[in-house]
Amino acid sequence: MIFETQVTNIGPEAEMFQQEKMLIFFGDDAPETLADYCYNIQLTPSTDEITAGMNFFFDDQSYKITAVGDVVKKNLDDLGHITLRFDGSETAELPGTLYVEDKLMPNITIGTKIAIH
């Protein structure tokens, strides 16, 4: 396991991006303009590089990582901030976005454990 944290708060508009197959994570210091749209997570540094082929977990639900933007690790470690796209892209179009396989999105609640293996 190279990363593990949990959801601490859910912005009132966070689920709005599910129609776009997208989630936004941010540590507790999300900018005011983004806070309503984020799933807040405890800021925890990752222990290694994040690469395609690893798995992203929501509790026990697993999603294969298909592409990793250039600044995903830095943003996750420094800010707890990444965008997660559930579209199975094999090329990272946006530097702060982590792409996972295209399947039914998870149900996220306060306390949901987030991990990367």
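Colleague: Where is Thr112 found?
Modeller: The model is a predicted one. In it, strand E7 covers 97-100 and strand E8 covers 113-116. Thr112 is found in the loop between E7 and E8.

Colleague: Is Thr112 buried or exposed?
Modeller: Residues under 20% relative accessible area are classed as buried. Thr112 has a relative accessibility of 1%, so Thr112 counts as buried.

Colleague: Which backbone nitrogen does the side chain of Thr112 reach?
Modeller: A polar contact requires a pair of N or O atoms within 3.5 Å. The side chain of Thr112 comes to 2.9 Å from such a partner, the backbone nitrogen of Thr109.

Colleague: In what order do the strands of the closed barrel run?
Modeller: The barrel has eight strands, and their pairing is mixed. From one strand to the next the twist averages 35°. The order is E1-E3-E2-E6-E7-E5-E4-E8.

Colleague: Which residue in E8 does Thr5 stand opposite?
Modeller: Strand E1 spans residues 3-10 and pairs with E8 in the antiparallel sense, over four bridges. Thr5 is also among the residues that Thr112 touches. The residue opposite Thr5 in E8 is Ile114.

Colleague: What is the phi of Asp59?
Modeller: Asp59 is in the loop between strand E4 (55-58) and strand E5 (61-68), and Thr112 touches Asp59. Asp59 is not a glycine, yet its phi is positive, at about 50°.

Colleague: Why does Lys21 count as partly exposed?
Modeller: Lys21 lies in the loop between E1 and strand E2 (22-26), with a positive phi near 55°. Partly exposed runs between 20% and 50%. Lys21 counts as partly exposed because its relative accessibility is 32%.

Terms used:
Residues numbered from 1 in each chain as written. Predicted model: local features only at pLDDT ≥ 70, side-chain atom pairs only at ≥ 80, totals over all residues. Heavy atoms only, no water. Helix = DSSP H or I, 4+ residues; strand = E, 2+ residues; numbered from the N terminus. Buried < 20%, exposed > 50% of the residue type's maximum accessible area, 1.4 Å probe, protein only. Polar contact = N/O pair within 3.5 Å; in protein donor to acceptor, adjacent residues only side chain to side chain. Contact = heavy atoms within 4.5 Å. Pairing = 2+ DSSP bridges. Axes fitted to C-alpha atoms, helices over the stretch in contact; angles between N-to-C directions. Lists of a residue's contacts leave out its neighbours within four places in sequence.
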